[in-house]
Amino acid sequence: MQNDKHDKLTRFSITIPEELLSEFEENYYSDHKRENRSEAIRFLMRQYISGERWKSDDNKEVCATVTIIYDHHLPGLSCKLTAAQHDSGGVIICSTHVHLSHSSCLECIITKGLARDIKKFIDALKSIRGIKNLDINITAEV
Ligand code: NI
């Protein structure tokens, strides 16, 4: 993490809808306790950059959580998800399955390994039809 005190600062202006700004400030500050707009935008920019950086460096070691929501009634879907995890090349540390409702399942898969192997696993998940939601979070750089 960079230290703002030693960075050369620059000032820029942006144009956004008034309603978006007030909605952002109303929600963001109550959640994040940032000191001011500049601090909030710096935080979001760093979060975005660290979230994207791993995508451009295949050899970087990363930890990522992958959360999926799916309907386990869809024929073959559960088997395909299991097969994708078995074929993941050992990047999966653990997974947790939650039965959300009669048909919906949520699965949180914690991975650790080279970015390229984790990307390959995520691509395998993306290729499976029937997954309703797929979220990826980079939790830490190893
Ligand atoms: Ni379930």
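**Exercise 1. The buried side of helix 3**

Task: In this predicted model, determine which residues of helix 3 are buried and why they lie on the same side of the helix.

Solution.
Step 1. A residue counts as buried when its relative accessible area is under 20%. In helix 3, the buried residues are Leu77, Leu81, Ala84 and Gln85.
Step 2. Around the helix axis these residues cover an arc of only 100 degrees, which places them on the same side of helix 3.
Step 3. On the face turned away from this buried side, helix 3 carries the exposed residues Cys79 and His86.

**Exercise 2. The largest nonpolar core**

Task: Establish how many residues the largest nonpolar core has, which elements give two or more residues to it, and what Ile68 is in contact with beyond its neighbours within four places in sequence.

Solution.
Step 1. The largest nonpolar core has 19 residues. Those with the most contacts inside this core are Ile68, Leu81, Ile118, Leu125, Ile128 and Ile131.
Step 2. Two or more residues of the core come from each of strand 1 (61-71), helix 3 (77-86), strand 3 (104-114) and helix 4 (115-126).
Step 3. Apart from neighbours within four places in sequence, Ile68 is in contact with Leu81, Cys105, Leu106, Glu107, Ile109, Leu125, Ile131, Asn133 and Leu134.

**Exercise 3. The salt bridges**

Task: State how many salt bridges a search of the whole structure finds, then locate the partners of each pair and describe their exposure.

Solution.
Step 1. The search of the whole structure finds three salt bridges.
Step 2. One of them joins Glu25 and Arg37, whose closest N and O atoms are 2.5 Å apart. Glu25 belongs to helix 1 (residues 18-32) and Arg37 to helix 2 (residues 37-56), so the pair ties together parts that are twelve residues apart in sequence. Glu25 is partly exposed, at 21% relative accessible area, and Arg37 is partly exposed, at 47%.
Step 3. Glu39 forms a salt bridge with Arg42, with 3.2 Å between the closest N and O atoms. Because they are three residues apart in helix 2, Glu39 and Arg42 are separated by about one helical turn. Glu39 counts as buried at 18% relative accessibility, whereas Arg42 is partly exposed, with 26% relative accessible area.
Step 4. The side chains of Asp58 and Lys119 meet in a salt bridge of 2.6 Å, N to O. Asp58 lies in the loop between helix 2 and strand 1, and Lys119 in helix 4, so this pair ties together parts that are 61 residues apart in sequence. Asp58 counts as partly exposed at 35% relative accessibility, and Lys119 counts as partly exposed at 24%.

Terms used
Residues are numbered from 1 along each chain as its sequence is written. This is a predicted model: local features need pLDDT of at least 70, side-chain atom pairs count only at pLDDT 80 or more; totals for chains, interfaces and linings use all residues. Side-chain values use heavy atoms; hydrogens and water are left out. A nonpolar core is a set of buried Ala, Val, Leu, Ile, Met, Phe, Trp, Tyr and Cys residues joined through side-chain atoms within 4.5 Å. Buried means under 20% relative accessible area, exposed over 50%, partly exposed in between (1.4 Å probe, protein chains only). Helices (H or I, at least four residues) and strands (E, at least two) are DSSP runs, numbered from the N terminus. Contact means heavy atoms within 4.5 Å. The arc is that of the directions from the helix axis to the C-beta atoms. A salt bridge is a side-chain nitrogen of Lys or Arg within 4 Å of a carboxyl oxygen of Asp or Glu.
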